[in-house]
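This report examines selected helices and loops of one protein chain. The sequence and the structure are shown below.

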Amino acid sequence: MCVTCGAQTHRAARTGNTSEETVTITEPPAGRSWRAHSPPSADAGAYLDIERGVIDRRIWKDEGLYQQELRRVFAPSWLFLAHESQLPKPGDFFTTYMGEDPVVVVRGKDRTVRAFLNTCRHRGMRLCRADAGTTRNFTCSYHGWGYDLSGNLVNVPNAEAYPDHFDTADWGLREVARVQNHRGLVFGTWNPEAPDLIEALGDMAWYMDAFLDRDPEGTEVVDGVTKWVLEGNWKLAAEQFASDWYHVNMAHASALMVMSPTGKGPKTEIANTPGRQFTSPLGHGAGFPVHPRSRFDDAAVHEHYDYDQLRERLGSARVEGPMTTGHATVFPNFSYLPVNGTIRVWHPKGPDRMEVWTWVLVDKNMPEEVKQAQRRYNLRTFGPSGIFEQDDGENWSEIQAVSRGFVSNRTPLNYQMGLGIHDDHDPDYPGRVGELYSDNAARGFYARWRDLMNTPAWHENHTTPEGDRD
Ligand code: FES
Ligand SMILES: [Fe+2]
C-alpha cells in the first residue's frame, strides 16, 4: 500500500497495463488523485498587504512557502533557459535549472531547441553532468541508459533482462512543455497551458527590445557564464531589479565616488535623477533615468554607437530611457542591466539562498574589442567581485540574516513609496509607468507572486503528476 495516498497498487503510466506485476507509480489508482500528494497550500495574501504597501519578511524564509513557490510560481511560469548563441549547432547543449529542477537545453538534429528534465528515468541520476558542450546523445553515468537529442531512450544495457512489457518509448526524458525564443532569449515552461511567451511578457517586451534590438543582427553571449552563491532569498534580488533605483545613491555611494572624474561622486545628480518606472500586472518591472543624452558608460561601447541611428531604430523614448542605464526583472527570476550588458537568473536554492548566474550580452555586430570592453566593464561593476554587485549582495545577505529572528518576523516592512500617487501613464512609454523612485514595481512583483501562490497550477488540476503527458 502506498503510504502517502493509501492506494493498493499503482499501475503503469502510458502503457494501459493494469496488472499487479507492474510497479511504476506514475498514475494513481482509479478514483484517487495525485492532489493527495500535495501538501496544503498557505494563503500567501496573509503575508502581504499590497494595497497598504506592507510586507511580512517571512516570505523570504518560510520553508513551506518556498515549496509552494516551486510548484505554483516556478512550475507554471516561463523561465529563462539560455541564449540561442550558446547553442549554434545540432548537438550543442547547456545545463541549467527551472526552479530547483535541473534541465538540459539542447539543439536537436532538426535544429529545434528543446529542454528536458536532466535526470535519468532509471534511478534518477543527473543525466548530463557537464555545464555545456556538444554531443550526439546523453549517456547516464550510473548504468548506461542512453538518450538521443530528442529525449528518446535509445540504449539500455542488458535490455534482454527486462520483461516483455518494458517499452523504451515509455521511458524517454521528461520534456519541458513549451520552449520559445524572444530575440535570442530562450525561455521554457513546464505548463502546457501557458500563454505564448510574447503574451506572457506583455508590454515588458518593448522595454526588453531596447536592449535586445539595438542592432539588426541581434545579440550574442560573449564568453561564458559566471556563477556564484548568495545567502539570500531569490525574491530580494528579483524585486530590487524590478523596482529599486532608490538604493543606488546610498548603497553604491562608494562605487559612484570611485567612478566619478572628481573622485567626489555625482551624488546630487543621481539623487535627483528624473526617470520612469514600468510596472506590469504580470509581475515584470523596469526603471530607468531619462535624459536626452543617455549614454553607455564604457567609453569603447559609447564610441561604437551612432545614437542618431539608434533613435531611428528604437525611437527617442527608448534611447533616452531603457536602452542604457536602468534595471529590469522579467517575472519571476530573470533580470538585466543594459548599460552593463548583464543578463542574469536568480536561481532559488532553498528559502535562504540563491545561485546567481550571469551572462554578458553584446550586439553580434560589435567589433571584438568592443565586446571585450563590455565584458570587462560588466566584470568591474556587476561581476561577482564588481564594485556595485558586492553592495547589493551585502544588503540581501544581511536582510536574510536578520529574517532569522523571531521578533524580526513579526515586524513588517514598508513598501509604500509612490502609493496612491496617480502617475500611472506616460504617452511615451507603454503600460503602467510612473516615477523612477517608487515601490510600484515591487508591489506589482509581489502582487503577481501572491496571485500565483494562491492559484492551483495546471498540474494540480490533473490526476497525474505529469499532467501534460498522460
Ligand atoms: S540511473 Fe541512469 S542508467 Fe541507472
Ligand atoms: Fe544595486
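## Helix α12 and its surroundings

In this predicted model, the cover over the buried residues of α12 includes β14 (226-230), α4 (234-243), α5 (248-251) and α11 (368-382). The buried residues themselves are Glu389, Asp392, Gly393, Trp396 and Gln400. Viewed down the axis of α12, these buried residues fall within an arc of 95°, so they line one face of the helix. Such an arrangement can be read against a general property of helices: an α-helix has 3.6 residues a turn, so residues three or four places apart point the same way.

The length of α12 can also be checked. Helix α12 comprises 14 residues (residues 389-402), which at 1.5 Å a residue should span 20 Å. The expected span is 1.5 Å times one less than the number of residues. The C-alpha atoms at the two ends of α12 are 20 Å apart, in agreement with that expectation.

## The contact of α1 with α13

Helix α1 (residues 63-74) and helix α13 (residues 440-453) have axes that come within 8 Å and cross at roughly 95°. Because angles of 65 to 115 degrees count as roughly perpendicular, α1 is roughly perpendicular to α13. On the α1 side, the contact is made by Gln68, Glu69, Arg72 and Val73. Their partners in α13 are Trp449, Leu452 and Met453. Sorted by class, the contact of α1 with α13 has four nonpolar, one polar and two charged residues.

## Backbone features in loops

Two residues that are not glycines have a positive phi, Asn158 and Asp223. The table sets out the values for each.

| Residue | Phi | Loop | Other C-beta atoms within 10 Å |
|---|---|---|---|
| Asn158 | about 60° | between β10 (153-155) and β11 (178-182) | 8 C-beta atoms |
| Asp223 | about 60° | between β13 (219-221) and β14 | 12 C-beta atoms |

Are these two loop residues buried or exposed? A residue counts as exposed if 12 or fewer other C-beta atoms lie within 10 Å of its own. Asn158, with 8 such atoms, is therefore exposed. Asp223, with 12, is exposed as well. The loop that holds Asp223 leads to β14, a strand that is also among the elements covering the buried residues of α12.

A further backbone feature concerns a proline. The peptide bond from Phe331 to Pro332 is cis, and its omega is near 5°. Pro332 is placed in the loop between β17 (327-330) and β18 (334-337).

Technical notes:
Residues numbered from 1 in each chain as written. Chains lettered and ligands numbered in written order. Predicted model: local features only at pLDDT ≥ 70, side-chain atom pairs only at ≥ 80, totals over all residues. Axes fitted to C-alpha atoms, helices over the stretch in contact; angles between N-to-C directions. Helix = DSSP H or I, 4+ residues; strand = E, 2+ residues; numbered from the N terminus. Parallel < 35°, antiparallel > 145°, perpendicular 65-115°, else oblique. Contact = placed C-beta atoms within 7 Å. Nonpolar A, V, L, I, M, F, W, Y, C, P; charged D, E, K, R; others polar. Buried ≥ 20, exposed ≤ 12 C-beta atoms within 10 Å, placed from the backbone. Arc of directions from axis to C-beta.
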